[in-house]
Amino acid sequence: MKESKRLKFPNKSLLLAAFATCIGGTFQCGYNISVINAPTMHVQAFINRTWSDRYQANISENALTLLWSTIVSIFTLGGLLGVTIGGTLSVKLGRKGTLLSNNLFSLTAALLMGLSSSVGLFEFLIIGRFLIGINAGIGLCVEPMFLGEISPTAFRGALGSGTSIFLTVGILSGQVMGLNEVLGEEQFWPYLLSTTCIPAILQLLILPWFPESPRYLLIDKGDEEGCKNALRQLHGLDDCDSSLEDIQKEKSNLAGFQAKKPWELFADRSLRWQLLTIIVINMAQQLNGVNAMYFYADYVFLQSGIPLDKTPYATVGTGACECFTALTCVRTEFTIIRILVLSISTLFLMLINIFPYLSVACVFAFVLSFGLGPGGVTNILNNELFTQTARPAAFMIAGTVNWLSFFLVGLLFPFIVIGLQHYCFLVFFVVCSSVAIYILLVVPETKNKTFVEIQNEFKSSEKASTSEGSGTTLLSTCL
């Protein structure tokens, strides 16, 4: 009885380490995705004022739109750069070392954005948003890797969900901080954007008290004593031996291998299905329409008759929905049903212009279904489908696909709306349905399996498919 209770709760030290990791990682990303929306008018007024003072002429509408869109969208370019260097840094500096060093980008960004108004330089906003994008990209690459490597097998899924939980909490926090009752007034917008320093400071205060990834210490650095000490602190004395045995087994399987580069993964036929899976899943996370839904939400709420001054509170409701689902799906498994629910929700969203009074419910249902499905498990799968030598490169590839897809949605969605009007979400229905079929046919169950066991399952499945004789390219696995 005591044993079953112990298994239900991770070690307190492990939970604190996970909190410190996430608060300076995906929380930052989510916060900076949403916090820029509230001060839109105030920042544009600042740009117009600065331009007038500098050139003694009002800025043109096109130039103002270009500068504002640059401030917003350069975050994604920074994120793309961040994921391309995050994997390399995680090998050279360690997972923990990379996360701590990453806060330099956040603190510098907060300083620049906070000073932009007083020094009259809107260029500081562009540089600051780019730097915080780099911070987000590195965090999204290294944080789930670190969480997966410090977690016992039984808790890997639950702690891995911390990535999506803190991302959604960050989005919600940014929306709340932007309300007029908090820091949404015009005079406060520089302080609002500079609050990104707070989670960075929290991580710098807490994370140094916890050890580096035990897997990194033993497999990458060969530090067996350091690995044992890390396991004792993170897993407790009772679970230390079994966890060490698991890591040693993985090290034995990887004997003679070095950390792979991203291009080496594409050349490795034994990893082709794992690689294809993370590409498909990460594309789907952005191309399923959830970000487009955030872009479209204000218009939907206005069409539904919600007053303009009340739409920010309705938008906060969408953030609360996703946050709620991220919290409640921690102990649930990744099933095909969630993706199908997401697909069905996109069909209802096509009825928005026909039945406006249903739109608010449709928006909330769509966000809820996303949180129950791909929102909670994508980063967990990125971590689980690869062993130690391939994992950093895999996260670099997954992150690149994710950020490029994010940029693609922001670029193309307005044209999709113009072309398809209220049928615009039909595109996302096709994406969700296709990914659901792929998952059903290809992705094996990973719950309570070690990284080595998951890798062996892919290998055995591929052997089974090739032994059928005709060079078939369909991987046959069962859920």
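Helices first. The protein chain has 24 helices and 0 strands. Keep in mind that this is a predicted model. The chain runs to 479 residues, and 54% of them are buried. Now look at contacts with a sequence separation of 6 or more. Of those, 82% are between residues 24 or more positions apart. As for surface, the protein chain exposes about 20800 Å². Carbon and sulfur atoms supply 66% of that area.

Next, charge pairs. Side chains of opposite charge can pair when their charged atoms come close. How many salt bridges does the structure hold? The count is 5. I will take three of the pairs.

Start with arginine 54 and glutamate 123. Their closest N and O atoms sit 2.8 Å apart, and the two form a salt bridge. This pair links distant parts of the chain. Arginine 54 belongs to helix 4, residues 40-55. Glutamate 123 belongs to helix 7, residues 123-150. The two are 69 residues apart. Are these partners buried or exposed? Neither label fits. Arginine 54 has 28% relative accessibility, so it counts as partly exposed. Glutamate 123 has 29%, so it also counts as partly exposed.

Stay on helix 7, and move to glutamate 149. Its side chain meets that of arginine 95 in a salt bridge, 2.9 Å from N to O. Again the pair links distant parts of the chain, 54 residues apart: glutamate 149 is in helix 7, and arginine 95 is in helix 6, residues 95-119. Glutamate 149 is buried, with a relative accessible area of 1%. Arginine 95 is buried too, at 0% relative accessibility.

Now the third pair. Glutamate 149 also meets arginine 391 in a salt bridge, at 3.1 Å from N to O. Here the partners are 242 residues apart, with arginine 391 in helix 22, residues 391-420. Arginine 391 is buried as well, with a relative accessible area of 0%. So which residues does the network join? Arg95, Glu149 and Arg391, through salt bridges that share partners.

On to helix 5. This one covers residues 61-92, which is 32 residues. At 1.5 Å a residue, the helix should span 46 Å. The end C-alpha atoms are 46 Å apart, so the expected span and the model agree. Where is the kink in helix 5 centred? On valine 72, with an angle of about 35 degrees. Just after the helix comes glycine 94, and this residue takes a positive phi of about 85 degrees.

Then the nonpolar packing. The largest nonpolar core has 57 residues. Which of them touch the most other members? Ile47, Ile71, Leu125 and Trp403. By helix, the most comes from helix 7, which gives 14 residues to this core. Take isoleucine 47 in detail. Leaving out residues up to four places away in sequence, isoleucine 47 touches Ile59, Leu64, Leu67, Ile71 and Phe122. There is also a second, separate core, with 24 residues. Among its members are Trp273, Leu385, Ile397 and Ala398.

Two single residues to finish. The first is alanine 136, back in helix 7. Alanine 136 has 1% relative accessibility, so it counts as buried. Beyond four places in sequence, alanine 136 touches Cys29, Phe75 and Trp403. Recall that Trp403 is one of the residues that touch the most other members of the largest core. What separates alanine 136 from asparagine 32 in sequence and in space? In sequence, 104 residues; in space, 8.5 Å, C-alpha to C-alpha.

The other is serine 34, in helix 3, residues 26-34. Buried or exposed? Buried, because its relative accessibility is 6% and the cut-off for buried is under 20%. Which residues is serine 34 in contact with, once neighbours within four places in sequence are set aside? Gly170, Ile171, Gly174 and Gln175.

Terms used: Residues are numbered from 1 along each chain as its sequence is written. This is a predicted model: local features need pLDDT of at least 70, side-chain atom pairs count only at pLDDT 80 or more; totals for chains, interfaces and linings use all residues. Side-chain values use heavy atoms; hydrogens and water are left out. Helices (H or I, at least four residues) and strands (E, at least two) are DSSP runs, numbered from the N terminus. Buried means under 20% relative accessible area, exposed over 50%, partly exposed in between (1.4 Å probe, protein chains only). Contact means heavy atoms within 4.5 Å. Accessible areas come from the Shrake-Rupley method with a 1.4 Å probe; for residues, only the protein chains shown count as cover. A salt bridge is a side-chain nitrogen of Lys or Arg within 4 Å of a carboxyl oxygen of Asp or Glu. The expected span of a helix is 1.5 Å times one less than its number of residues. The bend at a residue is the angle between axes fitted to the seven residues ending there and the seven starting there. A nonpolar core is a set of buried Ala, Val, Leu, Ile, Met, Phe, Trp, Tyr and Cys residues joined through side-chain atoms within 4.5 Å.
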